[in-house]
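Work through the exercises below with the sequence and the structure open beside you. Each one sets a task and is followed by a solution that goes step by step.

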There are 2 protein chains.
Amino acid sequence: MTEPLFGRLTLIGIGLIGSSIALAAKRHGLVSEISIQTRSKKTLERAIALGLGDTYSLDPAEAAKVADLIIVCVPVGASEEVAQQIAPSLKPGAIISDVGSVKSSVVQQMRPHLPNGIHFVPAHPIAGTEHSGPDAGFAELFENRWCILTPEEGTDKAAVDKLAAFWRAIGANVEVMSPEHHDLVLAITSHIPHLIAYNIVGTAADMEENVRQEVIKFSASGFRDFTRIAASDPTMWRDIFLHNKDAVLEMLGRFTEDLTSLQRAIRRGDGDTLFELFTRTRAIRRNILDAGQDTAVPDFGRTPAAKGHGTTEKNGA
Amino acid sequence: MTEPLFGRLTLIGIGLIGSSIALAAKRHGLVSEISIQTRSKKTLERAIALGLGDTYSLDPAEAAKVADLIIVCVPVGASEEVAQQIAPSLKPGAIISDVGSVKSSVVQQMRPHLPNGIHFVPAHPIAGTEHSGPDAGFAELFENRWCILTPEEGTDKAAVDKLAAFWRAIGANVEVMSPEHHDLVLAITSHIPHLIAYNIVGTAADMEENVRQEVIKFSASGFRDFTRIAASDPTMWRDIFLHNKDAVLEMLGRFTEDLTSLQRAIRRGDGDTLFELFTRTRAIRRNILDAGQDTAVPDFGRTPAAKGHGTTEKNGA
């Protein structure tokens with residue numbers, strides 16, 4: 001164990017991401033104390049039972065007091081309220097960060113409420129499972145995953161470096177970019193895939209009864225992969241779509257144009273157009289394998305991360 | 001080992017499915033001899049090098065001669081040509097089957113060419129990976145997977161039972177239904193998910209250069225799961241869409257209507273509609289887990305099947 005990077009770490013919100021940060025920070029000895037806050041009494045009780053922190057509170061202002069690093073781990077739609085609540089009790093020099101999947105909106109929501117003298121470094125660890133709640137967390141969640149930091153220009157470099165060191169210490173690869181660029185890239189790599197998965201599972205759920213039962217029975221043929229994505233936390237994802245509206249609508253427009261063109265090819269029996277696309281997409285898969293972002297083994301490289309939380313799905317909030 | 005179910009098994013086509021059938025039939029001692037045919041000299045040489053059969057041929061008529069069970073394992077668009085080629089040499093009493101992902105079209109293509117006195121029992125094993133070619137096969141591919149048989153009314157019951165016994169012996173669960181019902185169910189559980197995956201990977205591939213590189217870099221956020229599906233065999237999937245056109249267009253229409261409605265909800269900031277759908281889709285995932293069609297561990301339950309072919313992606317045809 002090395003010297004802790006921070007004194008008190010306060011986690012506002014203790015779902016999958018918050019609890020995983022707590023477990024990882026503790027395992028690597030990165031902080032001397034962990035303070036946990038959530039507004040749900042039931043969730044706080046689970047956090048206590050799991051021993052995730054050192055002190056616990058239902059009050060964000062109370063929890064944020066004397067903290068050196070505060071990481072807001074709530075659905076992005078709750079960011080402004082949290083910023084308002086914690087602002088009065090922030091210690092000068094503290095680093096305020098978050099884990100939201102959308103960055104421009106979080107900056108817009110939180111920035112106006114934060115006092116001078118603190119360092120605001122928004123972050124997005126690209127890691128997760130379809131499970132949610134404090135029981136779903138595990139210390140290895142961020143290993144070999146990206147964590148994107150989106151500090152405003154002029155943010156204290158030492159603060160950015162210190163937060164980057166924290167994320168690297170729990171296994172993440174850190175990248176810095178603007179909130180706008182982040183939101184565009186994530187719209188196509190994450191938000192649209194989730195929207196489509198939710199949508200097709202919904203379409204299947206609306207099928208006539210005799211087909212619906214068989215959709216479940218024969219789900220192994222492709223559909224099943226979508227149901228896993230479409231089992232992700234509803235509140236978190238509702239907020240993502242509402243708060244990354246422009247980029248999502250832009251990408252959705254492109255997706256729909258392309259799909260309409262495929263539909264036309266099928267209707268006209270134009271096999272060449274289909275074959276050309278299907279060959280091109282195979283090359284993208286090859287690029288992802290070459291970039292080390294997945295393994296050829298068809299378990300999505302998730303096996304190491306899966307240990308210890310394979311039985312928690314029923315606890316999903 | 002029990003007494004073999006069949007004398008000579010002939011496989012027309014030796015890709016992922018054909019080679020897996022060969023390996024599984026041999027392992028379980030289900031046939032006394034395996035004859036392999038493919039029209040590609042290069043593929044036939046791989047099959048010989050892998051020792052998948054007992055006799056090998058580039059000529060379908062030659063390979064089909066004296067066979068007791070013939071399984072056609074070619075892209076569905078090649079079904080009619082194969083039927084024409086093998087028809088003259090079929091032995092009376094032989095069972096002719098296939099493995100196509102579309103059934104009505106296969107029946108329409110093959111039936112008119114097959115002589116009286118043989119038993120035509122179309123089949124679709126719902127199993128596969130994104131890998132293709134004879135190197136991709138493995139004996140466990142069909143274990144605990146469904147195999148759907150779609151015999152015409154009036155087909156000899158003993159022949160259907162014997163083919164069902166073959167599939168059960170290599171680990172599959174057998175179900176019998178009409179070709180039309182099969183095609184509708186598979187359109188929503190398999191064909192549309194594949195089409196959507198191909199489409200979104202194509203949309204991403206068409207992004208501006210600076211975004212495209214980052215799509216690969218940050219693919220772990222959801223997109224990666226789609227690239228695996230979109231790496232499936234282009235010829236096979238082109239044929240599926242061309243030959244299950246009606247059901248695919250019908251389901252695509254429903255999908256697009258639903259997606260348009262979601263798009264509208266995002267544009268109007270209607271969080272309730274999004275939340276309601278995202279909650280409903282989570283329940284479907286639960287049903288699939290309850291039905292034993294997947295495990296909660298996020299590796300898609302594929303780990304056992306993955307052994308022995310994790311390094312073959314580069315060999316994909």
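**Exercise 1. Locate B:Asn144, and decide whether this residue is buried or exposed.**

Solution. Begin with the place in the chain: B:Asn144 sits in the loop that joins strand S7 (123-125) to strand S8 (146-149) of chain B. The model is a predicted one, and every value used here is computed from it. Next comes the backbone: B:Asn144 is not a glycine, and yet its phi is positive, at about 65°. As background, most residues other than glycine have a negative phi. The last step is the surface: the relative accessibility of B:Asn144 is 61%, and since exposed means over 50%, this residue counts as exposed.

**Exercise 2. Describe the surroundings of B:Glu143.**

Solution. B:Glu143 belongs to the loop between S7 and S8 of chain B. With a relative accessible area of 36%, B:Glu143 is partly exposed. If residues up to four places away in sequence are set aside, B:Glu143 touches B:Ile170 and B:Gly171. A separation can then be added to the picture: from C-alpha to C-alpha, B:Glu143 and B:Leu277 are 34 Å apart in space, and in sequence they are 134 residues apart.

**Exercise 3. Find where A:Val66 lies and state the sign of its phi.**

Solution. In chain A, the loop between helix H3 (60-64) and strand S4 (69-72) holds A:Val66. Although A:Val66 is not a glycine, its phi is positive, at about 55°. Its relative accessibility of 48% places A:Val66 among the partly exposed residues.

**Exercise 4. Explain why B:Cys73 forms no bond with the closest cysteine sulfur.**

Solution. Start from the whole structure, where a search over all chains finds zero disulfides. In chain A, A:Cys73 is accordingly in no disulfide, and the nearest cysteine sulfur, that of A:Cys147, is 11 Å away. Turning to chain B, the sulfur of B:Cys73 lies 11 Å from the closest cysteine sulfur, in B:Cys147, which is too far for a bond, because a disulfide requires sulfur atoms within 2.5 Å. As for accessibility, A:Cys73 is buried, with a relative accessible area of 11%, and B:Cys73 is buried as well, with a relative accessible area of 12%.

**Exercise 5. Trace helix H7 of chain B and say where its kink is centred.**

Solution. Helix H7 of chain B covers residues 179-205, and its kink of about 55° is centred on B:Ala187. To judge the setting of the helix, count its buried residues: 25 of the 27 residues of H7(B) are buried, so the helix is largely enclosed by the rest of the structure.

**Exercise 6. Characterise the fold of chain A as a whole.**

Solution. Chain A contains 13 helices and nine strands. Its radius of gyration is 21 Å, close to the 20 Å that the globule rule gives for 317 residues, so chain A is as compact as a globular protein of that length. Along its principal axes, the C-alpha trace of chain A spans about 65 × 40 × 35 Å. Of the 317 residues in chain A, 61% count as buried, while about 11,700 Å² of the chain is exposed, with carbon and sulfur atoms supplying 50% of that area.

**Exercise 7. Work out how chain A and chain B are related.**

Solution. A rotation of 180°, with 0.0 Å of shift along its axis, superposes chain A on chain B with an RMSD of 0.0 Å. The two copies are thus related as by a two-fold rotation axis. Finally, 99% of the interface residues of chain A are also interface residues in chain B, so the copies meet through the same surface.

Terms used:
Residues numbered from 1 in each chain as written. Chains lettered and ligands numbered in written order. Predicted model: local features only at pLDDT ≥ 70, side-chain atom pairs only at ≥ 80, totals over all residues. Heavy atoms only, no water. Least-squares fit on C-alpha atoms with pLDDT ≥ 70 in both. Contact = heavy atoms within 4.5 Å. Buried < 20%, exposed > 50% of the residue type's maximum accessible area, 1.4 Å probe, protein only. Bend = angle between axes of the 7 residues up to and from the residue. Helix = DSSP H or I, 4+ residues; strand = E, 2+ residues; numbered from the N terminus. Rg over C-alpha atoms; globule rule 2.2 N^0.38 Å. Areas by Shrake-Rupley, 256 points an atom, 1.4 Å probe, with all protein chains shown as cover.
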